[in-house]
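Hello,

Here is the structure I promised to pass on to you. Please open it first, and then read my notes below.

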Amino acid sequence: WQEPLAEGAVILRRRARDDADALLAAIQEIAGQNPFAHRITPSGHRMSVAMTNCGDLGWSTDSRGYQYTEQDNASGHKWPPMPALFRTLAQQTAQEAGFSGFNPDACLINRYEPGAKLTLHQDKDEKDLRQPIVSVSLGLPAVFQFGGFERSDATQRVLLEHGDIVVWGGPSRLRYHGILPLKPGIHPAAGAFRFNLTFRRAH
Ligand code: MD5
Ligand code: FE
């Protein structure tokens with residue numbers, strides 16, 4: 001079912017549940033080629049979230065900044081292609097949320113272990129901010145923080161669970177957001193982790 005969060009932001013609860021095992025298997029395959037890595041931010045911090053990507057472009061960070069690249073600096077390889085299942089799910093759910101014609105060229109794959117978190121930030125490294133971001137949560141549940149347009153604005157907390165999809169577009173595309181430290185647990189399909197796929201139109 002669809003639950004509006006704010007203008008432009010829609011939660012499709014459990015929308016990916018039937019595809020979850022196939023999505024997790026594809027993530028393992030991608031990580032076999034381009035392993036999850038804890039990247040170092042420009043300010044010198046090691047991210048607690050481990051990341052890899054698939055698609056024509058991948059997001060990463062290093063001492064030079066945040067960027068989308070065709071190559072994985074950690075492995076020296078190109079990113080693996082975006083599986084057809086990923087692209088179809090992202091396009092269909094964007095359409096269901098009212099964003100037709102979404103064609104992602106990048107899929108960032110985040111892996112959270114217990115304690116891993118993402119501090120409040122905005123996603124603004126993409127060229128066309130009129131394009132939405134589609135996010136798919138798998139594995140352990142996490143508390144998502146949904147804020148306003150200034151870092152200091154009040155935040156709402158939303159629990160994101162296995163199979164939940166959120167489409168972030170319109171005015172919600174530039175809201176501050178984050179993930180609180182992951183609580184330890186074992187998920188039957190994903191083990192001790194939370195995975196999050198974000199589909200983006202980077203260029
Ligand atoms: C996650 N990932 O659960 C989240 C899901 C990231 C990231 O934040 O940058 O990898 S994406 C949540 C999102 C994206 C774009 C806009 C908004 C939220 N928003 O306006 O709240 O690992
Ligand atoms: Fe983000």
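Which element gives the largest share of the shell around ligand 1? Strand E13 does, with four residues. Before going further, please know that this is a predicted model, in which local features need pLDDT of at least 70, side-chain atom pairs count only at pLDDT 80 or more, and totals for chains, interfaces and linings use all residues. Residues are numbered from 1 along each chain as its sequence is written, chains are lettered from A and ligands numbered from 1 in the order in which they are written, and side-chain values use heavy atoms, leaving out hydrogens and water.

Let us start with the ligand. The space that ligand 1 takes is the largest pocket. (A pocket is found on a 1 Å grid over the protein atoms alone, as an open set of points where a 1.4 Å probe fits, with protein on both sides within 12 Å along at least five of seven lines; a molecule sits in it if more than half of its atoms lie within 2 Å of its grid points.) The elements giving two or more residues to the shell are strand E6 (106-112), E7, strand E8 (133-139), E9, E12 and strand E13 (194-200). Strands here are DSSP runs of E, at least two residues long, numbered from the N terminus.

Around ligand 1 there are 20 residues (near means a heavy atom within 4 Å), and Asn110, Tyr112, Ser172, His177 and Arg194 come nearest. Now for the polar contacts, which are pairs of N or O atoms within 3.5 Å. Oxygen atoms of ligand 1 lie 2.6 Å from a side-chain N or O atom of tyrosine 112, 2.9 Å from a polar side-chain atom of arginine 194 and 3.2 Å from one of arginine 200. Taken alone, ligand 1 exposes 510 Å², and the protein buries 97% of that (by the Shrake-Rupley method with a 1.4 Å probe).

Next, the sheets. Seven strands form an open antiparallel sheet in the order E1-E2-E11-E8-E13-E6-E3, where two strands pair if DSSP finds at least two bridges between them. Its edge strands, each pairing on one side only, are E1 (2-6) and E3 (50-55). Four bridges join E1 to E2 (residues 9-12), and glutamate 3 stands opposite isoleucine 11.

Another open antiparallel sheet has four strands, ordered E7-E12-E9-E10. At its edges are E7 (118-121) and E10 (156-160). Strands E9 (residues 142-146) and E12 (residues 177-179) pair over three bridges, with phenylalanine 144 partnered by isoleucine 179.

Best wishes

Terms used
A polar contact is a pair of N or O atoms within 3.5 Å; within protein, one must be able to donate a hydrogen and the other to accept it, and residues adjacent in sequence count only if both atoms are side-chain atoms. On a 1 Å grid over the protein atoms alone, a cavity is a set of points where a 1.4 Å probe fits but cannot get out, and a pocket is an open set with protein on both sides within 12 Å along at least five of seven lines; lining residues have an atom within 4 Å of a point.
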